[in-house]
Amino acid sequence: MKPCCDRMKEELERTCAHGHAPSECPDVLIAYVAKFDEFGIRVHDGGSSIVSIAFCPWCGTRLPESKRDRWFDELERRGIDPYEHEVPTEFRSDAWYAQTQPKS
């Protein structure tokens, strides 16, 4: 994943000045979920929820379409229930779809 602009890159690399995990730090707002190729704004409610975004808040670039539905569909096709079974290693990152993406 290549950030669309310098500001997005800065936000994705931001760490908490107080040492908190990103999901617990009010200064870390933007998240990228590699397994879904999804950007979002963190919901600071103690969990890992994000509100998906389709455009960069700073430069307006359209962000990649989330692969969340494809992720669940592919696991289902393989007979894997992610709530009941261990998710294969390649599905914990972008590996499951990266090899199918055109080289840029």
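# A walk through the model

Start with the whole molecule in surface view: the accessible surface of the protein comes to about 7,200 Å², and 49% of that belongs to carbon and sulfur atoms. Keep in mind as you click around that this is a predicted model.

**The overall view**

Switch to cartoon. You should find three helices and three strands, and if you trace the chain along the sequence the pattern reads α-β-β-β-α-α. Turn the protein around and picture a box around its C-alpha atoms: along the principal axes that box is roughly 40 × 35 × 20 Å. The protein has 104 residues, and 25% of them are buried. What share of the contacts with a separation of 6 or more comes from residues 24 or more positions apart? For this protein the figure is 39%.

**Into the core**

Now select F36, W71, L75, I80, V87, F91, W96 and Y97 and show their side chains. These eight residues make up the largest nonpolar core. Colour helices α2 (68-77) and α3 (95-98) next, since each of them supplies at least two residues of this core.

Stay here and centre on F91. Leaving aside residues up to four places away in sequence, F91 touches K35, W71, E74, L75, R78 and W96. There is also a second, separate core of seven residues, and C5, M8, I53 and C56 are among them.

**Two cysteines, no bond**

C56 is a good place to pause, so add C4 to your selection. How many disulfides does the structure hold? The count is zero. Put a distance label between the sulfurs of C4 and C56 and you can see why: C56 has the closest cysteine sulfur to that of C4, and at 3.6 Å it is too far for a bond, because a disulfide needs the two sulfur atoms within 2.5 Å. The view from C56 agrees, with C4 holding the closest cysteine sulfur, 3.6 Å away. Are these two buried or exposed? C4 is partly exposed, at a relative accessible area of 31%, while C56 counts as buried at 5%.

**Following the charges**

Time to hide the cysteines and look for charged pairs. Side chains of opposite charge can pair when their charged atoms come close. Searching the whole structure turns up nine salt bridges; here are a few stops.

First, select E13 and K9. Their side chains meet in a salt bridge, with 2.8 Å from N to O. Both sit in helix α1, and because they are four residues apart, about one helical turn separates them. K9 is partly exposed, with 37% relative accessibility.

Next, jump to D37 and K67, whose side chains form a salt bridge at 2.6 Å, N to O. D37 belongs to the loop between β1 and β2, and K67 to the loop between β3 and α2, so this pair ties together parts that are 30 residues apart in sequence. Both D37 and K67 are buried.

Then move to helix α2 and pick R77 and E74. Here the salt bridge between the side chains is 2.5 Å, N to O, and the two residues are three apart in the helix, about one turn. Which of the pair is exposed, and which is buried? R77 is exposed at 60% relative accessible area, whereas E74 counts as buried at 19%. Extend the selection to R78 and E90 as well: salt bridges with shared partners join E74, R77, R78 and E90 into one network. You have met two of these residues before, as E74 and R78 are both among the residues F91 touches.

**Out to the surface**

Bring the surface back and select L29, I41 and V51. Together they make a nonpolar surface patch of about 230 Å². L29 is in the loop between α1 (6-13) and β1 (30-33), and this leucine is partly exposed, with a relative accessible area of 39%.

For the last stop, find S48 in the loop between β2 (38-42) and β3 (50-52). S48 is exposed, at 69% relative accessibility. Which residue should you label along with S48? Try P22: the two are 26 residues apart along the chain, and 9.2 Å separates their C-alpha atoms.

Technical notes
Residues numbered from 1 in each chain as written. Predicted model: local features only at pLDDT ≥ 70, side-chain atom pairs only at ≥ 80, totals over all residues. Heavy atoms only, no water. Patch = residues over 30% accessible without salt bridge, like charges linked within 9 Å, V, L, I, M, F, W, Y side chains within 5 Å. Areas by Shrake-Rupley, 256 points an atom, 1.4 Å probe, with all protein chains shown as cover. Salt bridge = Lys/Arg side-chain N within 4 Å of Asp/Glu carboxyl O. Buried < 20%, exposed > 50% of the residue type's maximum accessible area, 1.4 Å probe, protein only. Core = buried A, V, L, I, M, F, W, Y, C linked by side-chain atoms within 4.5 Å. Contact = heavy atoms within 4.5 Å.
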